[in-house]
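Here is a short briefing on helix packing and aromatic pairs. Please keep the structure open while reading.

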Amino acid sequence: MNLRALRTFVEVVRQGGFSQAAEVVSLTQSSVSKAVRTLEDELGVPLLSRIGHRSELTDAGEIVYRRALSLLAERRDMIDEIDDLRGLKRGTLRLGLPPVGCGVLFAQMFVTYRERYPNIDIALTEHGSKRLRECLEDGEVELAALLLPVADHFQYQAVRKEPLVVVLPAGHALAKRKWLDFTALADAPFILFEAGFALNGIIMAACERKGVAPRVTARSGQIDFIVDLVTAGLGVAFLPRMLALKHRHPGIVLVPLREPQTDWHISLAWRSHTHLSSAARAWLDLAREVHGGPAATL
């Protein structure tokens with residue numbers, strides 16, 4: 001069975017269609033369709049039910065998709081083990097990072113890692129936490145930056161723990177408070193991150209514990225835009241302290257959030273009971289070097 005055809009089939013399922021998958025695997029849409037038909041002919045069963053522009057897995061397709069994920073992950077693990085024999089002279093670091101915070105935490109690490117291991121390629125995947133967890137489970141990435149707590153089938157190395165701060169427009173009625181909780185913010189419109197960002201879950205769970213039902217007025221995946229919306233007076237936002245300090249300017253005020261279980265605690269996670277490549281272990285070692293200092297303060 002052709003592993004390239006299996007990967008193409010997997011991407012059709014992940015991306016929700018043939019044209020989207022074609023972009024990911026760098027093939028034409030007709031080539032993607034042909035690869036899936038070849039798999040169906042070889043197995044003698046349809047794998048996808050085509051409904052208009054959408055494709056849904058058949059019962060056989062569910063089995064093939066699950067097995068394909070396992071086979072592709074095993075192939076990547078095999079390549080990683082072989083690369084280890086070369087002692088970091090060749091190989092690939094398959095790393096998943098979220099859009100939020102990765103610049104502050106990991107930009108300098110990329111520079112140092114490249115200087116130490118110039119022949120190691122870095123295959124970077126950027127997604128929100130939910131999609132990163134899926135990529136890690138599927139073996140698409142070897143390490144992923146995830147917020148704690150992580151699932152039991154992952155191991156992790158803690159990287160950074162930061163409290164959340166409330167980002168308010170300058171002149172807001174609550175801007176002079178020494179700290180805030182969600183009871184005080186119950187009537188304020190919230191500006192949150194897009195769906196799939198784990199920070200949203202932390203905020204909403206804390207609100208639920210306080211019996212607060214927040215009104216979400218906007219969402220974005222870009223910190224700069226979120227801060228701009230706060231400056232314009234659209235609502236209040238919540239950021240890890242180190243990121244809020246980086247984006248601080250006269251149009252906003254930062255007030256500590258005093259709520260239990262709301263710390264932004266990021267880690268580097270990997271699948272339990274699987275081989276961890278030398279390239280990944282080197283990245284973990286470097287993370288311990290770089291992030292051993294104290295957190296920023298307001």
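The points below cover one helix contact and a set of aromatic rings.

This is a predicted model. Two topics stand out for inspection: the packing of α2 with α3, and the aromatic pairs, which number 8.

**Helix packing**

- Helix α2 spans residues 18-25, and helix α3 spans residues 29-43.
- Their axes come within 8 Å and cross at roughly 100°.
- That angle falls in the 65 to 115 degree range, so α2 and α3 are roughly perpendicular to each other.
- On the α2 side, the contact uses F18, S19, A21, A22 and V25.
- On the α3 side, Q29, V32, S33 and V36 meet them.
- The contact residues of α2 and α3 comprise 6 nonpolar, 3 polar and no charged.

**The F110–W283 pair**

- The count of aromatic pairs is 8.
- In one of them, the ring centres of F110 and W283 lie 5.1 Å apart.
- Their planes stand at 65°, so the pair is edge-to-face.
- F110 sits in helix α5 (residues 102-116) and W283 in helix α10 (residues 278-290).
- The pair therefore ties together parts 173 residues apart in sequence.
- F110 is partly exposed, at 21% relative accessible area.
- W283 is buried, at 0% relative accessibility.

**The F193–F197 pair**

- F193 and F197 form a stacked pair.
- Their centres are 5.4 Å apart, with 15° between the planes.
- F193 is buried at 3% relative accessible area, and F197 is buried at 12%.

**Aromatic cluster**

- F106, F110, Y113, Y117 and W283 form one aromatic cluster.

Technical notes:
Residues numbered from 1 in each chain as written. Predicted model: local features only at pLDDT ≥ 70, side-chain atom pairs only at ≥ 80, totals over all residues. Heavy atoms only, no water. Axes fitted to C-alpha atoms, helices over the stretch in contact; angles between N-to-C directions. Helix = DSSP H or I, 4+ residues; strand = E, 2+ residues; numbered from the N terminus. Parallel < 35°, antiparallel > 145°, perpendicular 65-115°, else oblique. Contact = heavy atoms within 4.5 Å. Nonpolar A, V, L, I, M, F, W, Y, C, P; charged D, E, K, R; others polar. Phe/Tyr/Trp six-rings, centres within 6.5 Å; stacked < 30°, edge-to-face > 60°. Buried < 20%, exposed > 50% of the residue type's maximum accessible area, 1.4 Å probe, protein only.
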